[in-house]
Amino acid sequence: MILEELVSSFLSFCSSLMIQTPPIHREQRQFTLIFEETHEQNEVYDGLIHREYEQQPEQQLPYYEHDISDLVQPDGQPSRDFAQSFLRSFQANVGLVMAVVFILGLLTLGIVYVDLNTTDACIEWMHNNYSIPRVVKIFQIVGMSFELLPLFTWFPASIVMLWGFKEFKKNYLSCLLVCQLVVGSITCVYRIVMFDEVTPTTVHFSKYRLPVNVLFTFSIICGAYLVARKFKKVNPEKQGKVKKAIIAVLTPGISLPVTAIAKYLVLRKSSEIITPDRAFVLCYFLRGASIVLYRTMQSHFQNIWLFIGLSLLHGVSNVLSKATLSFRTKMWKFFIKCLNNTCCGARLEVQPLNSPRIRRFNADLEIQNILFEYTTVILSQAYLACYLVMSFDISPWQVIQGSLTRIAINLALDFVFNMISVFIQIHYYDIPMRKVWLKYWPRHVAANALIIICMVSYFGPSLVSVFAGYKYIWKEYKLRNCTSIF
């Protein structure tokens, strides 16, 4: 979180220095700070859920009831009750856990099982340089071809989530279909041709994946260009916003930079063409990738106390990042003030962090983060359990019991810490976590499921290789005879 703020501040600093502003006397400069009343904060979008608590209009009290006004906050909103905020946090987290266990969890188990029986079948035999049966190779080719489908569907699906299916079908379906189909077909042919040349266990596997990565990136750039061109044609009144459209459609392709860069582009550069309730689509997957990496590294620890310790560390850091937001905001306010007094004149300002758009964006993004935290626990343990059962002669129940124990412990710890985190956001910052989840949970579940499927499709061999690399742990197990599928 602190790293994101550092990068965001650096971007704002560079942007402020590049933008020409008229000279203003320092005494007349109005700084924009969090929780201060601004025009943007008072902006209300049609039907947009941007507060957890309903805002009530101010009432003119008689002179003899002025003492009652102390119970009302300056914005006319009644004082929030701790018990009510805690109940709302509990309801939101229970809903999130239920969705993960009964929808995303079952989906994750299914795609992991299919992946380890098709694309990554007999992975341990390949690590030991054993030949695999022909029927297994056929299933590997089929799985390798079908896993390209979610990858090249991801960008069009992101456009659907951004602007809706009707808008997508009317203006962008044909151009994106041709682009993704052509590039996807070329990628599929290349992978089939190179199937017998390079295996996932060789040192040249990364070079083999390089053309695939280039083609995938090219498909995103090509799709972004076509979408921006079509956007310019169907929205002639928004000619000045074409650059913002390009930024918006390219943001889903940014996977390596820090999440803060994507957040900055979404909140500061694409606000006029992306509605607030869909803005999270542009950057929510970045956080998910880092969580998957953390959970995968955590899952191989055999010591249960070390496993619990890492879960506690993750939960405590998450709560602290939410609890110290106000303090960090005051720190940045002081830093910017000192910088303006020394070298920048009165040019820099702290951007508003409590506007309706930002509150809604934070609610959607935090819902996705919690879904990723729960789902990736199941994903990492599913990969570990399926890999052990399908690669070694080992009691399935022994492996399943150990994985279920770790999943239960991790979900319980995450639930407690997420309860505290969501309570802080609801009670102190009025982030509409519960309201947004109750109304838009199908959209969030679908968006999360899309990224989980794409991660398994793209990073499947890498995730399996993490477990296959720990031979000093699995050397006591007897290798399973890989002569049949399923």
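Colleague: Quick one to start: what share of the 486 residues in the chain is made up of buried residues?

Modeller: Buried residues come to 49% of the 486 in the chain. Keep in mind that this is a predicted model.

Colleague: Okay. And how many helices and strands does the chain have?

Modeller: There are 16 helices and zero strands.

Colleague: What about contacts along the chain? How much of the total with a separation of 6 or more comes from residues 24 or more positions apart?

Modeller: That would be 83%. P150 and M455 show what a big gap in sequence can look like in space: they are 305 residues apart in sequence, yet their C-alpha atoms are 9.4 Å apart.

Colleague: Let's stay with P150 then. Where is it found, and is P150 buried or exposed?

Modeller: P150 is in helix α5. Its relative accessibility is 16%, and buried means under 20%, so P150 counts as buried.

Colleague: Which residues does P150 touch, leaving out those up to four places away in sequence?

Modeller: With those left out, P150 touches I453, C454 and S457. Those numbers fall in α15, which covers 433-468.

Colleague: Now the core. How many residues are in the largest nonpolar core?

Modeller: It has 61 residues. The ones with the most contacts inside this core are W154, I159, W163, Y172, L176, Y284 and Y383.

Colleague: Which elements give two or more residues to this core?

Modeller: They are α2 (82-117), α5, α6, α7 (205-234), α10 (284-299), α13 (356-391) and α15 (433-468).

Colleague: Which one gives the most?

Modeller: That's α13, with eleven residues.

Colleague: Why would nonpolar side chains be buried together?

Modeller: I can only give you the general pattern: in soluble globular proteins, nonpolar side chains tend to be buried together.

Colleague: Fair enough. Switching to helix pairs: at what angle do α5 and α6 pack?

Modeller: Helix α5 (residues 148-163) and helix α6 (residues 165-193) pack at about 165 degrees, and their axes are 9 Å apart. An angle over 145 degrees counts as roughly antiparallel, so that is the word for α5 and α6.

Colleague: Which residues of α5 and α6 make the contact?

Modeller: On the α5 side you have L148, F152, F155, P156, I159, V160 and W163. From α6 come F165, E167, F168, Y172, L176, Q180, V183, G184, T187, C188 and R191. By class, the residues of this contact are 13 nonpolar, three polar and two charged.

Colleague: And the crossing of α5 and α6, left-handed or right-handed?

Modeller: The crossing of α5 and α6 is right-handed.

Colleague: While we're on α6, what does Y190 touch, not counting residues up to four places away in sequence?

Modeller: Y190, which is found in helix α6, touches Y208, P211 and V212 on that count. Y190 and Y208 are 18 residues apart along the chain, with 9.7 Å between their C-alpha atoms. Y190 has a relative accessible area of 21%, so it is partly exposed.

Colleague: Next pair. How do α2 and α14 pack?

Modeller: The angle between α2 and α14 is about 135 degrees, with the axes 8 Å apart. That makes α2 oblique to α14, and their crossing is right-handed. Residues making the contact include F82, F86 and F90 of α2 and F415, M419 and F423 of α14. This contact has 13 nonpolar, five polar and one charged residues.

Colleague: Is D414 of α14 buried or exposed?

Modeller: D414 counts as buried, at 2% relative accessibility. D414 is in helix α14 (residues 396-429). Setting aside residues up to four places away in sequence, D414 touches R295, H314, E373, Y374 and V377.

Colleague: R295 and H314, where do they meet other residues?

Modeller: Both belong to the contact of α10 with α11: R287, Y294, R295, Q298 and S299 in α10 meet F307, L310, S311 and H314 in α11. These residues divide into three nonpolar, four polar and two charged.

Colleague: Last one: what angle do α10 and α11 make?

Modeller: About 155 degrees, with the axes of α10 and helix α11 (residues 304-323) 10 Å apart. That makes α10 roughly antiparallel to α11, and α10 passes α11 in a right-handed crossing.

Methods: Residues are numbered from 1 along each chain as its sequence is written. This is a predicted model: local features need pLDDT of at least 70, side-chain atom pairs count only at pLDDT 80 or more; totals for chains, interfaces and linings use all residues. Side-chain values use heavy atoms; hydrogens and water are left out. Axes are lines fitted to C-alpha atoms, for helices over the stretch in contact, and angles run from 0 to 180 degrees between N-to-C directions. Helices (H or I, at least four residues) and strands (E, at least two) are DSSP runs, numbered from the N terminus. Angles under 35 degrees count as roughly parallel, over 145 as roughly antiparallel, 65 to 115 as roughly perpendicular and the rest as oblique. A crossing is left-handed if the near helix is turned anticlockwise from the far one by less than a right angle, and right-handed if clockwise. Contact means heavy atoms within 4.5 Å. Ala, Val, Leu, Ile, Met, Phe, Trp, Tyr, Cys and Pro count as nonpolar, Asp, Glu, Lys and Arg as charged, and the others, Gly among them, as polar. Buried means under 20% relative accessible area, exposed over 50%, partly exposed in between (1.4 Å probe, protein chains only). A nonpolar core is a set of buried Ala, Val, Leu, Ile, Met, Phe, Trp, Tyr and Cys residues joined through side-chain atoms within 4.5 Å.
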